[in-house]
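This report goes through the fold, one helix and the main pocket of a single chain. Please keep the sequence and the model open while reading.

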Amino acid sequence: MSIFAVEYVYGPEAEDGRVEHRPAHRQWLASQAEAEVVLASGPYVDGAGALLIFRAADEASLRELVAQDPMCSGGGVTGLKISAWNPVIGQLSGYVA
């Protein structure tokens with residue numbers, strides 16, 4: 001399994017979608033965290049987006065998974081960046097195969 005940093009961008013034009021889909025989004029994230037697919041998640045303090053750390057076999061399967069997030073499918077996310085990440089030090093480094 002690989003580790004990926006996923007950045008959600010929240011544009012002001014999608015605020016209504018975020019408010020509407022936030023409860024389902026957080027419920028979805030909680031289920032992914034319970035399965036140890038989401039290792040960390042949270043919004044940026046300035047409200048511009050969020051950082052999510054995922055475990056996935058590859059980027060293609062991660063993109064399929066992220067598309068299931070109610071925040072993404074509901075239009076709350078206006079931009080998305082996925083980067084493979086190699087945590088070398090710290091608690092998340094134990095998830096690297």
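The sections below cover the model, the sheet, the helix and the pocket.

## Basis of the model

This is a predicted model, in which local features need pLDDT of at least 70 and side-chain atom pairs count only at pLDDT 80 or more, while totals for chains, interfaces and linings use all residues. Residues are numbered from 1 along each chain as its sequence is written, and side-chain values use heavy atoms, with hydrogens and water left out.

## The sheet

Helices (H or I, at least four residues) and strands (E, at least two) are DSSP runs, numbered from the N terminus. Two strands count as paired if DSSP finds at least two bridges between them. Four strands make up an open sheet with the order 2-3-1-4, and their pairing is antiparallel. Strand 2 and strand 4 (79–85) are at the edges with a single partner strand each, so one side of each has no neighbour in the sheet. From one strand to the next the twist averages 15 degrees; axes are lines fitted to C-alpha atoms, for helices over the stretch in contact, and angles run from 0 to 180 degrees between N-to-C directions.

Strand 3 pairs with both strand 1 and strand 2. Its antiparallel pairing with strand 1 (residues 2–9) has eight bridges. Among the bridge partners, glutamate 7 is matched with leucine 51 of strand 3, and tyrosine 8 with alanine 50 of strand 3. Strand 2 and strand 3 are joined by five bridges, again in the antiparallel sense, and here serine 41 has leucine 52 of strand 3 as its bridge partner. These two strands, 2 and 3, form a hairpin with five residues between them, and glycine 47 in the turn has a positive phi of about 80 degrees.

Strand 3 covers residues 49–56; six of its eight residues are buried, so this strand is largely enclosed by the rest of the structure. Buried means under 20% relative accessible area, exposed over 50%, and partly exposed in between (1.4 Å probe, protein chains only).

## Helix 1 and the loop after it

Helix 1 packs on the sheet and touches strand 1, strand 2 and strand 3. The direction of helix 1 makes about 155 degrees with that of strand 2. Contact means heavy atoms within 4.5 Å.

Several residues of the helix can be described one by one. Glycine 17 is in helix 1 and is buried, at 13% relative accessible area. Beyond its neighbours within four places in sequence, glycine 17 is in contact with Met71, Gly74 and Gly76. Histidine 21, also in helix 1, is buried with a relative accessible area of 18%. Leaving aside neighbours within four places in sequence, histidine 21 is in contact with Pro70, Met71 and Gly74. Histidine 25 belongs to helix 1 and is buried, with a relative accessible area of 6%. With neighbours within four places in sequence set aside, the contacts of histidine 25 are Tyr8, Tyr10, Asp69, Pro70 and Met71.

Alanine 24 in helix 1 counts as partly exposed, at 33% relative accessibility. Its C-alpha atom is separated by 7.8 Å from that of methionine 71, although the two are 47 residues apart along the chain. By comparison, the C-alpha atoms of glycine 17 and alanine 35 are 18 residues apart along the chain and separated by 26 Å.

Glutamate 36 lies in the loop between helix 1 (15–34) and strand 2 (38–43). Glutamate 36 is partly exposed, with a relative accessible area of 38%. Its phi is near 60 degrees, a positive value in a residue other than glycine.

## The largest pocket

The largest pocket has a volume of about 200 Å³. On a 1 Å grid over the protein atoms alone, a pocket is an open set of points where a 1.4 Å probe fits, with protein on both sides within 12 Å along at least five of seven lines; lining residues have an atom within 4 Å of a point. Grid points are joined across faces, edges and corners, and the volume is the space filled by probe spheres set on the points.

The pocket is lined by 14 residues, and the closest to its centre are Tyr10, Arg26, Gly42, Pro43 and Ala50. Helix 1, strand 2 and strand 3 are the elements that give two or more residues to the lining. Helix 1 provides the largest share, four residues. By class, the lining has eight nonpolar, four polar and two charged residues. In this scheme Ala, Val, Leu, Ile, Met, Phe, Trp, Tyr, Cys and Pro count as nonpolar, Asp, Glu, Lys and Arg as charged, and the others, Gly among them, as polar.
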